[in-house]
Amino acid sequence: PIMASSSSASRASTVLARLEARHRVRALEAQKVKSQTSTQKAPEEDSDAFLSLFTQIQKETTQNMQTCAVACSSGEPEAQSKLANEIAETLVTCDRMRAMTASATYYLTSFDVRACEAQSNALRDLAHALRAKHLPRRRFKFSQDFSRRGYAGALEHVLESASDTSTANGDDARTARPADIGGREAALENFDGGKTQVIDVDVSGLDATIRDGRDAVVVCRGRATALRLARLTNCIVLCAGEMGSVDGPVYVEECTQGAVAVDSRQLRIHDSQGVAFYVAVSSTPIMEDSSNLKFAPWRDEDGTGDVHVQDFNRVLRDDGMGTCNWSTIDATSRVLTGLNTEEAVLSAARGLLCT
């Protein structure tokens, strides 16, 4: 037993010695790797590596889009759908590139930051240009009766009828009866309300567009499938509450001043300034390339409600805060929130139009 115990102890000491030697070798290797990496920059903080990766993403994305565009021009089957998917992916890539640039501003030079921003903007412009060339949107059309007379004559006819009624009632504002813009798609465009007109439009079951107008209150009645507002100046658009709603998305593009009240599934805002939004939206409103926007809930009984907005152009500062392109309308200034009757809403809208 004594000899067995001595033999076991010897084997144990041998094993321990081997383990200790192996540990020393690994420790030396780890120390060597640590000393080598401590003198190098982290990959994500290497400006040369960042710019190389950024340029590579830009070139590959551009090449993929142009390849799809060439296939689309040659009439290859399913080329349009491939180009549409590629453009959608490109726009997502542009957002990712801008986020990459924003996160690298603390070690990139100002020149490099501006160059990266210019690259992402050029890529976005190319995507929009290819979409406009190869994937044009269908133009909205009026019903047959309106198209024969031309839009200007149709709108003039509607407003003349409203003028006769309002004059008889001693009212300065001219309220148009719902315009029949039937069909699946419809458009109201090229109007100037002179800060007095209220134009009613029946949008029931329509993909409706209201564009190129100014200084008018536009009431959208019924449930639209989609609504697009484009290039409106100082217009009050009402599509919420008793008046109407939108089952699908609402797109707002290149609008200035005025106010929009919508009850919809989604709200997306692009290239707009100084517009006040009163929203009842199922998802978070999204804004991009816009500034000085204001938001408030459409329904808010106690005046303390808030709206969360996703701003794709919000830039973080060193203190962790951000430059914000939108704000919440103060509770005392929410002139369209919580009004119970259509008369009250229209009265408040007229007041906004005249200010």
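**Notebook: strands, cysteines and a cavity**

I began with strand β10, residues 259-264, and found it mostly covered, with 6 of its 6 residues buried. A reminder to myself: this is a predicted model, so everything below is read from computed coordinates.

**Entry 1, the two faces of β10.** I looked at which way the side chains go. Ala259, Ala261 and Asp263 point one way from β10, while Val260, Val262 and Ser264 point the other way. All of these residues are buried, the aspartate and the serine included.

**Entry 2, the neighbors of β10.** Which strands pair with β10? I found β7, residues 236-239, joined to β10 by 4 bridges, and the two run parallel. I picked out one contact here: valine 237 has valine 260 of β10 as its bridge partner. I then turned to β12, residues 276-281, which pairs with β10 in the parallel sense over 6 bridges. In that pairing, serine 264 is matched with valine 281 of β12.

**Entry 3, the cavity.** I asked how many cavities of 30 Å³ or more there are. The count comes to 1. The largest cavity has a volume of about 40 Å³. I went through its lining and noted Leu229, Leu232, Cys235, Val237, Cys255, Gln257, Val260 and Val275. Two names were already on my page: Val237 and Val260, the bridge partners from β7 and β10, both turn up in this lining. By class, I have 7 nonpolar residues, 1 polar and no charged ones around the cavity.

**Entry 4, strand β3.** I moved on to β3, residues 198-202. Here 4 of the 5 residues are buried, so the strand is largely enclosed by the rest of the structure. Its pairing with β5, residues 217-224, is parallel and spans 5 bridges. Within it, I found aspartate 200 bridged to valine 219 of β5.

**Entry 5, the cysteines.** How many disulfides does the model have? I counted 0. I wanted to see why cysteine 68 is not in one, so I checked its sulfur against the others. The closest cysteine sulfur belongs to cysteine 72 and lies 8.8 Å away, too far for a bond, because a disulfide needs the two sulfur atoms within 2.5 Å.

I also looked up how covered two cysteines are. Cysteine 68 has 16% relative accessibility and therefore counts as buried, the limit being under 20%. Cysteine 116 is buried too, with a relative accessible area of 0%.

Note on methods
Residues are numbered from 1 along each chain as its sequence is written. This is a predicted model: local features need pLDDT of at least 70, side-chain atom pairs count only at pLDDT 80 or more; totals for chains, interfaces and linings use all residues. Side-chain values use heavy atoms; hydrogens and water are left out. On a 1 Å grid over the protein atoms alone, a cavity is a set of points where a 1.4 Å probe fits but cannot get out, and a pocket is an open set with protein on both sides within 12 Å along at least five of seven lines; lining residues have an atom within 4 Å of a point. Grid points are joined across faces, edges and corners, and a volume is the space filled by probe spheres set on the points. Ala, Val, Leu, Ile, Met, Phe, Trp, Tyr, Cys and Pro count as nonpolar, Asp, Glu, Lys and Arg as charged, and the others, Gly among them, as polar. Buried means under 20% relative accessible area, exposed over 50%, partly exposed in between (1.4 Å probe, protein chains only). Two strands pair if DSSP finds at least two bridges between them.
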